[in-house]
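Hi,

Here is the structure I promised to pass on. Have a look at it first, and then read my notes below on what I found.

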Amino acid sequence: MADSPDAGPPFPNQQTIVSPYSHMRQDSSVIIGNDMRPPNPEPPGRGGRPGAEDNVPDRFELFLLADGEKKVTEETDTRIPSTSVFTFKKEDHTLGNMLRARLYQSPHVLFSGYKVPHPLVADFILRVQTDGTLTPRAAVLQACKDLVTDLGLLSREFTKEWELRKMVGENVDGGANGA
């Protein structure tokens with residue numbers, strides 16, 4: 001009698017604690033009313049039970065453009081003079097923050113800011129306002145060219161320092177592997 005699920009606590013002052021997992025058995029079968037059903041044999045995620053994994057896009061969708069999809073689109077903001085909104089497809093915070101910072105270095109750029117509308121979609125929106133002597137499009141193009149130059153310089157300097165470090169390591173270790 002005391003083992004039946006409908007029985008109350010064995011002592012009058014004792015409280016019954018109900019686990020949020022009380023409907024599950026140790027063999028992970030689900031009890032629905034008096035009916036015992038086996039668990040879903042498919043794993044969670046794609047093709048199985050709905051879960052957070054279903055919202056995650058395939059990895060290739062993060063960087064490959066679809067047929068006819070443009071990498072960058074420009075929309076002129078009519079509310080603020082000399083302002084454009086650029087939408088970059090298949091890019092993320094890395095490029096957005098570099099462009100924003102590089103645009104701030106231009107004396108003709110009054111404002112530059114970016115946002116990522118949704119964390120699971122690899123797109124960002126860049127808003128640029130200039131003083132009118134330079135169009136927002138020209139400012140973004142110049143910032144991109146400057147970034148390519150800066151990253152090329154960084155790559156050359158890093159490679160040079162890496163090779164020097166390897167040579168110094170070989171000389172210190174007497175010809176052994178350097179690191």
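Let's begin on the surface: F60, L62, F63 and L64 make up a nonpolar patch there, and together they have about 400 Å² of accessible area. If you want to find F63, look in the loop between β2 (35-37) and β3 (72-76). F63 counts as exposed because its relative accessibility is 53%, and the cut-off for that label is over 50%.

Before you go further, keep in mind that this is a predicted model. The mean pLDDT of the protein is 79, with 65% of the residues at 70 or more. Where is confidence lowest, and where is it highest? The low end is strand β1 (residues 30-32), with a mean of 48, and the high end is strand β5 (residues 109-115), at 97. Be careful with residues 27-32, where the pLDDT is below 50; in the model this stretch still has 15 contacts beyond near neighbours in sequence.

Now the overall layout. The protein has two helices and six strands, and along the sequence they come in the order β-β-β-β-α-β-β-α. Of its 179 residues, 15% count as buried. The accessible surface adds up to about 13900 Å², and 57% of that belongs to carbon and sulfur atoms. If you take the contacts between residues at least 6 apart in sequence, 42% of them join residues at least 24 apart.

Next, the inside. The largest nonpolar core has 12 residues: F86, F88, L99, L103, V109, F124, L126, V128, A139, V140, A143 and L147. Which elements give two or more residues to this core? They are β4 (83-89), α1 (93-104), β6 (123-130) and α2 (136-172). The largest share, four residues, is from α2. Try clicking on L99 to see how this looks from one residue: leaving out residues up to four places away in sequence, L99 touches F88, F124, L126, A143, C144 and L147.

The loop between β4 and α1 is worth a stop too. E91 is found in this loop, and at 23% relative accessibility E91 counts as partly exposed. Apart from neighbours within four places in sequence, E91 is in contact with K71, A122, D123 and F124. One of these partners makes a nice example of how a chain folds back: E91 and A122 are 31 residues apart in sequence, yet their C-alpha atoms are 5.3 Å apart in space.

K90 lies in that loop as well. K90 is buried, since its relative accessible area is 18% and the cut-off for buried is under 20%. The backbone of K90 is a bit of a curiosity: phi is positive, about 60°, although K90 is not a glycine. Why did I bother to flag that? Because most residues other than glycine have a negative phi. S82 is another case, with a positive phi near 55°. You'll find S82 in the loop between β3 and β4, and at 32% relative accessibility S82 counts as partly exposed.

Last topic: charges. Side chains of opposite charge can pair when their charged atoms come close. How many salt bridges does the structure hold? There are nine. In one of them, the side chains of R137 and E74 meet at 3.6 Å, N to O. That pair links distant parts of the chain, with R137 in helix α2 and E74 in strand β3, 63 residues apart. E74 counts as partly exposed, at 35% relative accessibility.

R102 is a good one to zoom in on. R102 forms a salt bridge with D146, and the closest N and O atoms are 3.4 Å apart. Here R102 is in helix α1 and D146 in helix α2, 44 residues apart. D146 is partly exposed, with a relative accessible area of 22%. The side chain of R102 also meets that of D150 in a salt bridge, at 2.8 Å, N to O. D150 lies in helix α2 and R102 in helix α1, so this pair ties together parts that are 48 residues apart in sequence. D150 counts as partly exposed too, at 34% relative accessibility. Finally, D77, R79 and R127 are joined into one network by salt bridges that share partners.

Cheers

Note on methods. Residues numbered from 1 in each chain as written. Predicted model: local features only at pLDDT ≥ 70, side-chain atom pairs only at ≥ 80, totals over all residues. Heavy atoms only, no water. Core = buried A, V, L, I, M, F, W, Y, C linked by side-chain atoms within 4.5 Å. Buried < 20%, exposed > 50% of the residue type's maximum accessible area, 1.4 Å probe, protein only. Contact = heavy atoms within 4.5 Å. Patch = residues over 30% accessible without salt bridge, like charges linked within 9 Å, V, L, I, M, F, W, Y side chains within 5 Å. Areas by Shrake-Rupley, 256 points an atom, 1.4 Å probe, with all protein chains shown as cover. Salt bridge = Lys/Arg side-chain N within 4 Å of Asp/Glu carboxyl O. pLDDT = per-residue confidence, 0-100.
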